Structures are given as C-alpha cells and as structure tokens.
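Here are two short exercises to work through with the model open beside you. Take your time and try each task before reading its solution.

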Amino acid sequence: MRSPGAAADVRKLRRKSPRAGHFVPKQRLYAFSLSLPPLVWQLLFLVFPVVFLLVITFWSVEFFRLKPDFTFANWAFIYTRGYFYDAYALTFGMAIFTAIVISAIAFPCAYAIAFKFRGSARQFALLLLIIPFFTSYLVRVYAWQVVLADSGVVNMLLKWLSLPPVAMLNTLGGTLIGYATLCLPLVTLLQLLSLIYVDRNLVEASHNLGCGRLGTIWHVIIPSARIGIMIAALFCFILTFGDFVSPLYLGGGLRTVLSTVIIDTVKSGQQWPQAAVVAVTMVITLLAVALAAIWFAYRRPK
Amino acid sequence: MNENRWINLTLYCYAFGIFVFIFTPIAASFVFSFNADRFPTLPLGDFSFQWYRDIISDADIWLAFGNSAKVGFTVAVVSTVLGFCAAYTDHRYRFFGKSVYLTLALLPPTIPVVIMGLAMLAFLSRVSLSGNIQAVMISHIVMCAPFAMAVIRMRLALMPADMEAAAWNLGASQWRALWHVILPFSLPSIGAALFVTMAVSFDEYAVAWFVSGLDPTVPVSILTTLQGRVSPTINAIGSIVFTVTIMLVVLAQILLLRHGKNKTRKILATAKGE
C-alpha cells in the first residue's frame, strides 16, 4: 500500500511537468483516443439498443413489420393479460426466494474458505468457483436433466439404497437446482471476497470478549461483510429474474416466467413491441431492486 | 481464534459438498459423453466414442464451431482493446461524468440476456446488421468488454503510481510511456482478458440465439438441439466446450497469478536500474 501522500505528489508532479503546458492539444488527443472508443461502442451498441427498446414499446406492427407510431396499445395489451401478472409474480417471487436461499446455502461454504482454508487451498477453491462461471450453463442444465430424470443417476442411487424414487425433473425443485447451478458459484465467490477482507482483529476481539462462535458471525462478521453479501444476493436475484433456461428445461416449462413471455411473444408473429413492454417492465423492476439493495447495503449501521 | 476440530471438519465437508454440487453436471456430461447407451442411465453402458464420431461427421456442428471460433477471436481482440482503454481511462483520469462512464463500461453483465437479446435484435435489424455473424460479434463485444476492463483494471491498480509520471519526466511522450511502461506492465492481464472474453463469448447462447439468424454458434446449435429431443451428442459437444473454456480460464488465471508476479518484479527492477 502506498500512502495517499505519494499519489498527491504524483498529481502535483503531473501538473508541474514541463510538458504539460506545452503539449496540451497533444495530450488531449492522447486522452480522447484512449477514452473514447469504449464510450462510443457502448453508446452505439448498448445505450441506443436499450433506448430503442423503450421507443418501440410505442410502435405498432403492421404486416409483421415494425411501424413508427405513438400508441399505448402494446402497454394496454400486456398489462391487461392475466398471464403477464402470473408470470411477473412467479418470476419475482422465485428470484427473491432464490436470492435468500442461495445466499444462506453459500454462506457456510464462503465462511469455511475464508476462515479455515489456507494459502494454496484457498487459491484452488477460488479457481474452482471461477471455472463454472465460464462453462456453458446450457450444457450444465442438460447434464442435470440426465442426472435428475426419473430413470436418472439420482433415482438409480435411491433405488440401490432401497429408497423411494423422487420426481425432480419438471418440478419447482428442478428449477431451483438450475438456479443454484447458475448462481451458487458466483454468490459463494462474492461472499468469499468480502469475507476475506473482514478485519481479523475484530473477530479476535469478539472472541476475547466472550462472544460465542455464532454470536461473532452474526454481530461481527456478517455486518462487516454486509456489502459483499448484499451484492451477491443482488446478482443472484438478477440472474434468476432473467433466466429462461432453468424454468424451461428443468421446470418443464409448466409455469411461464417473464423471459419465456418475451421469447414466446417475439416468436409469435414478430410482436416485438409487446415483448419490449415486458422487457422494459423487467428493467424497471431490476433497477428498483438494485437501488433498494444498494441503499440497504450502504446505509449507516445503527 | 479458538478452533474446534469437529466444527472445522463439518465446515470442510460442507464446502466439499457445495463443490460436488457445482461440478456434478460438468462431471456427468463428461462421463455420459463416453457412454454408448442412447438414454443415459446407471449402470453405464459400454465405453464409446460414438457421440464424438457423430459430431465429427456432422457438417452443421463444424460450421457452428467455425462461427464460434471466428466470433471468439474477434470478440476477444476488440473487447480487450476496448476494455484496456476503459481501464486505463479509469486508472489515469478524473473527470466530470466519470461515474457514468464507468457505469456504461461495467453495466452489460447485469442486464438479463433475454432483454439484451431483444434490444440487440430490434436495434440491429433496424440498421440492417442482424441475422448474421457480425451481429453476434457486436453484441458479444458489448457483453465481454466489461470483463476485459475488470481484469486489466485490477492489474493497473497494482502499478506504482509514479512509474508513468517518471517516464514523462524523463522525457517520454505519453504514447511512448504507454508503449514502454503501461503496456508491458499490463501484459499478463491483457493476455488474461483475451482468454476470459473468448471464454465468455464461446459460452454465450441467449443473445447469439436472438441475433445470429442463419449463422448459429455452438451454444445456439445446442439450444436448438435441446428444443428438439434428448441427444447424447450434446454431452460430447458440451465436454469439448467445457474443455475449451476451462482451459481458457485456467490459462488466464496462470497468466494473472504466476506471470504477473515475475513480470512486475522484472519491470520494477528495470525501472530502478535505469
């Protein structure tokens, strides 16, 4: 760690640097040519598309083609459909539920790695948590289909143990396993990263003052790692909220989630404006949840 | 901290259980890709390369792999360049609206892929760019650049604050300092960013599915297969994809951890020596 003084010195030095005065246009050119490309790209291909999504919610569709318009018909259409509200309630409820459950499941694991694993064991655990994030979620879900099927690996094991078979595929439980596949590594990783930075002196002090193990976790460790834990739960919410693979291939598509509504609407006769209404609703929901979570995480402790 | 052997043991087992859960699908995919039975059950059938042979003789899969490779390389290069620019800007400058700049640079991974896909489809088809491999590249660059930015930014944070300024004071122009100081210092992270972005692009299915049209990538063709019927070839394709991405991520890690330390030491030593 360098002292903040050093950074200030560098800033001063930079200001006083003899070249600074002489080559202002050149320096500008340098700064712009490095900072503009990402900005231009994201404006062109991220901001415009997302804004365009909002714009086309007011457009109409004629003969399977988009037509610029200013109508609330698409909003009216989606917001008067019962299935939209069902899907919204299901998606929102599942995402909240998953965020809480996965956070709770991940915590002991993150705690173990942060406080009990040492050196290279911890490095290895980190690597193991990073790998699934980059491995095809699609193929992992397909593999779960094979494992969870009625004649799959799990039920074969149960049979071998003389236990009754369990139906897992095409159930809510199956969907949750898919969500866990998607979120668990990331949530554990984010929790772990925040737990590693918990001040060990505080933990030690808490122990010395006679606070029990669970008491220390509840009163010292969780409050210290609060921000990371909330961010992890938020990511879990976001991922679950937008996922269509788990509900479709592990939940059997029996209950429709918002993403499936979007896909179905896009596929059925190019009704992009109606799909956009659902998408914009999702974005607004996510923003609201994200702001609430961030506010909750960063607010001053009592 | 007071330690209790039984509690520690429980925690170890718990962590192990979590890892078992995380790696079950990956392992299952590998095991069943060598299983001769059409319907994967226990006990396993004979060992067989059948599904791999099926892939090799499938022209569509080759096309998809070709598309994935083209997209992966382009996306890796462009998003690493963009990511480096964003990371350097964040590292070097303070300016009005920087938080907006950073939000734009890091936002994409938090946007649900379905929404991203729909937005890209609607927008790109409006400007006649959708339905081909270029559309996939454009969207993947948007999604991958933040990963490159994050990886390179972490590396730049380790850079001694006065190194670049020292180069300027010694008479190097900004471009020279960038070329001789910043780039060598961030080289391991640039390599890592290339691998990471390629891995992300290689696995992305949803946005590619929306915009790819008649040029499907591997994940898109997996998705299409999934919608049809159960096919053990997916296990074989999946195993290949797993192997490729895991190798890319491990390479990135090795670059960041090992090479990173040595390189830093070397550059610092050279800097001191001069």
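Two exercises follow, one on the interface and one on the cavities.

This is a predicted model, in which local features need pLDDT of at least 70 and side-chain atom pairs pLDDT 80 or more, while totals for chains, interfaces and linings use all residues. Residues are numbered from 1 along each chain as its sequence is written, chains are lettered from A in the order written, and side-chain values use heavy atoms, without hydrogens and water.

**Exercise 1.** Describe the interface of chain B and chain A.

Step 1: Count the residues in contact (heavy atoms within 4.5 Å). Chain B brings 97 and chain A brings 95.

Step 2: Look at the buried area, meaning the accessible area (1.4 Å probe) lost by two parts on being put together, summed over both. Here that is about 8600 Å², with 78% from carbon and sulfur atoms. On the chain B side, helix α1 (residues 5-33) gives the most, with 17 residues.

Step 3: Check for salt bridges (Lys or Arg side-chain nitrogen within 4 Å of an Asp or Glu carboxyl oxygen). The rule finds 0 across this interface.

**Exercise 2.** Find the largest cavity and say what lines it.

Step 1: On a 1 Å grid over the protein atoms alone, a cavity is where a 1.4 Å probe fits but cannot get out, and lining residues have an atom within 4 Å of a point. The whole structure has 2 cavities of 30 Å³ or more.

Step 2: The largest holds about 60 Å³ of space. Its lining includes Trp41(A), Gln42(A), Leu82(B) and Met149(B).

Notes:
Helices (H or I, at least four residues) and strands (E, at least two) are DSSP runs, numbered from the N terminus. On a 1 Å grid over the protein atoms alone, a cavity is a set of points where a 1.4 Å probe fits but cannot get out, and a pocket is an open set with protein on both sides within 12 Å along at least five of seven lines; lining residues have an atom within 4 Å of a point. Grid points are joined across faces, edges and corners, and a volume is the space filled by probe spheres set on the points.
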